[in-house]
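Welcome to a short tour of a protein structure. Have the sequence and the 3D view open, and follow along from one topic to the next.

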Amino acid sequence: MMMQPSVAIVILNWNGKKYLEAFLPFLFATTYPRYRVIVADNGSADDSVSFLQEAYPSIEIIRLDDNYGFAKGYNLALQQVEADYYILLNSDVKVSAGWIEPIISLLEQDKQIAACQPKLLSYHHPRHFEYAGGAGGWLDYYGYPFAMGRVFDISEEDTGQYDQSQPIFWASGAALCIRASVFHEAGGFDDYFFAHQEEIDLCWRIQLLGYKIYSCPSSLVYHVGGGTLPKGNSLKTYLNFRNNNIMIYKNMYGWRKLYVLTVRAMLDAVSAFKSLLKGDGGYFVAVFSAHLSFIKWIVVDQKKSVFPKNKRAFLYGYLKKNVAWAHFVEGKKKFSELVGDK
C-alpha cells in the first residue's frame, strides 16, 4: 500500500484565540492519516500562543515577531515547513468530517492541478455560500473577482448546483490546498499585497505556469469571515482596490493591460463618487488612496513584488465579460446567469 502524501495544515493567527478555541476541536477530528497542524502566529497581542501551548501541546508553533499580514506572514512561515501539500486554513473556519481526503485524491489524480479549494459555506448562514470563495473563484475581463455562489455582495443558497469538481480561476485563501513545490516555484504570495487578493494573484501566476486550479465541492468547510477586517472597513477597501490594480498590471500584458487599467480607473472613480454622494466619505478616500498607491507602486515599488514567470497561457475560470455591468445594470445576480451564455 502506497504511503499517503504528507499534509501540513498551516493556520496564520493574529489575535484569534476565540476562533482557535472554537474550531480546533473540529480540526483535530480530521481522519486523514498524514497531517500535522502548525500555527504561525503573526505577532498576536492576545494570549493565543499560551493557550495553544497549554491546550494543544502537539501543535507546532511558528512565532513571527510582527503582524506581517496574510501574504508575508504565510511566506515566512512556509519557508520553515516541509510537506507534500500545504493547506492554508483561516482560524475562523470550521471543517467537516473527512474534508481532506477528497482534496488530496483530486490532486493526486492529476499532477497538473496545483491547488484547489473545498466548498465554502457561511458559518452563520450554513445553507448559503460564503463570500470569500463560495464553490470556487472566477475572474472577469476587467479583473473583478467573483465566485460560484457569490456575485459581489449576493450569496446564493447551496442547492447542490455547483457540486461538480471543475477548473476555476482562483481558490480561496480561507481554505487553500496547494502543492508545496508549486507554491515555491511560483514565488509564493506577493509580500507587497499584505492582505486581500493575494491568493487570486498567486493562482493567476500558477495558471500562467501551465498548472490548473480546481474546486473540490465534496470537501466542505464553514467560514465565519470578516474576523480581521470586517466588511466596510476602509483599510479593507483600500487593499482590495490597490492590490487588484497591481495584480492586473503584473499578470496582463500589451494593449489589453493598458485598456483594462484605463477602464478600471473610470469604473473605480464612478464607484467612489457614488459612495461619496451616499455619504460614505471613507470609501471615497480609500479608493482614491488605493489608486495613488498603485501609481507609487508603478514608479517606485515594482521591484518589491513577485511577477509571473510567463504571461501567456490558457486561463480557466476567466469570463470575457464585465461582471459589474451584468450585475448592476442587467440585474444578473447568480453565477449561472453570468456564465450561462459565455
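## A salt bridge to begin with

Which kind of interaction do the side chains of Lys250 and Asp201 meet in? They meet in a salt bridge, with 3.0 Å from N to O. Keep in mind that this is a predicted model, and try to find the pair in your viewer. Lys250 belongs to helix 7, while Asp201 belongs to helix 6, which covers residues 198-208. The two residues are 49 residues apart, so the pair links distant parts of the chain. Are these two charged residues buried or exposed? Both Lys250 and Asp201 are buried.

## More salt bridges

How many salt bridges does a search of the whole structure find? The count is 14. One of them joins Glu60 to Arg36, and their closest N and O atoms are 2.7 Å apart. Glu60 sits in strand 3 (residues 60-64) and Arg36 in strand 2 (residues 35-42), with their positions 24 residues apart in the chain. Here both partners are partly exposed: Glu60 has a relative accessibility of 34%, and Arg36 has 29%.

Lys296 and Asp301 form another salt bridge, where the closest N and O atoms are 2.5 Å apart. The two partners differ in their surroundings: Lys296 is partly exposed at 44% relative accessibility, whereas Asp301 is buried, with a relative accessible area of 2%. Salt bridges can also share partners, and in this way Asp190, Asp201, Arg205 and Lys250 are joined into one network. You have already met two of its members, Lys250 and Asp201.

## A charged residue without a salt bridge

Now look at Asp140, which lies in strand 7 (residues 137-140). Asp140 is buried, yet it has no salt bridge. Why does Arg264, the nearest side chain of opposite charge, not count as a partner? Arg264 is 6.0 Å away, and a salt bridge needs a distance within 4 Å, so the pair does not qualify.

What does the side chain of Asp140 reach instead? One contact is with the backbone nitrogen of Gly143, at 3.0 Å. Another is with the backbone nitrogen of Tyr144, at 2.7 Å. Leaving aside residues up to four places away in sequence, Asp140 touches several others, including Phe146, Tyr318, Lys321 and Ala324.

## A strand enclosed by the rest

Strand 4 spans residues 85-89, and five of its five residues are buried, so the strand is largely enclosed by the rest of the structure. Which way do its residues point? Tyr85, Ile87 and Leu89 point one way, while Tyr86 and Leu88 point the other way.

Strand 4 also has strands joined to it. Four bridges connect it to strand 1 (residues 7-13), and these two run parallel. As an example to look for, Val10 stands opposite Leu88. Five bridges connect strand 4 to strand 12 (residues 175-179), and this pair runs antiparallel. There, Leu89 has Ala175 as its bridge partner.

## Two nonpolar cores

The largest nonpolar core contains 81 residues. Which residues have the most contacts inside it? They are Tyr86, Phe189 and Ile206. Helix 7 (residues 234-251) gives the most to this core, with seven residues. Another core lies apart from it and has 33 residues, among them Leu52, Ile87, Ile113 and Cys116.

Phe189 is a good residue to select in the viewer. Not counting residues up to four places away in sequence, it touches a range of others, including Phe70, Tyr74, Leu88, Leu176, Leu202 and Val306. Its contacts also include Glu198, Glu199 and Arg205.

## A residue in a loop

For a last stop, find Gln166, in the loop between strand 10 (154-155) and strand 11 (167-168). Gln166 counts as partly exposed, at 24% relative accessibility. Its side chain reaches the backbone oxygen of Gln164 at 3.3 Å.

What does Gln166 touch beyond residues up to four places away in sequence? Met148, Ile213, Tyr214 and Ser215 are its contacts there. You can also check a distance yourself: the C-alpha atoms of Gln166 and Cys203 are separated by 15 Å, and these residues are 37 residues apart along the chain.

Key: Residues numbered from 1 in each chain as written. Predicted model: local features only at pLDDT ≥ 70, side-chain atom pairs only at ≥ 80, totals over all residues. Heavy atoms only, no water. Buried < 20%, exposed > 50% of the residue type's maximum accessible area, 1.4 Å probe, protein only. Lys, Arg positive; Asp, Glu negative; His and termini not counted. Polar contact = N/O pair within 3.5 Å; in protein donor to acceptor, adjacent residues only side chain to side chain. Contact = heavy atoms within 4.5 Å. Pairing = 2+ DSSP bridges. Core = buried A, V, L, I, M, F, W, Y, C linked by side-chain atoms within 4.5 Å.
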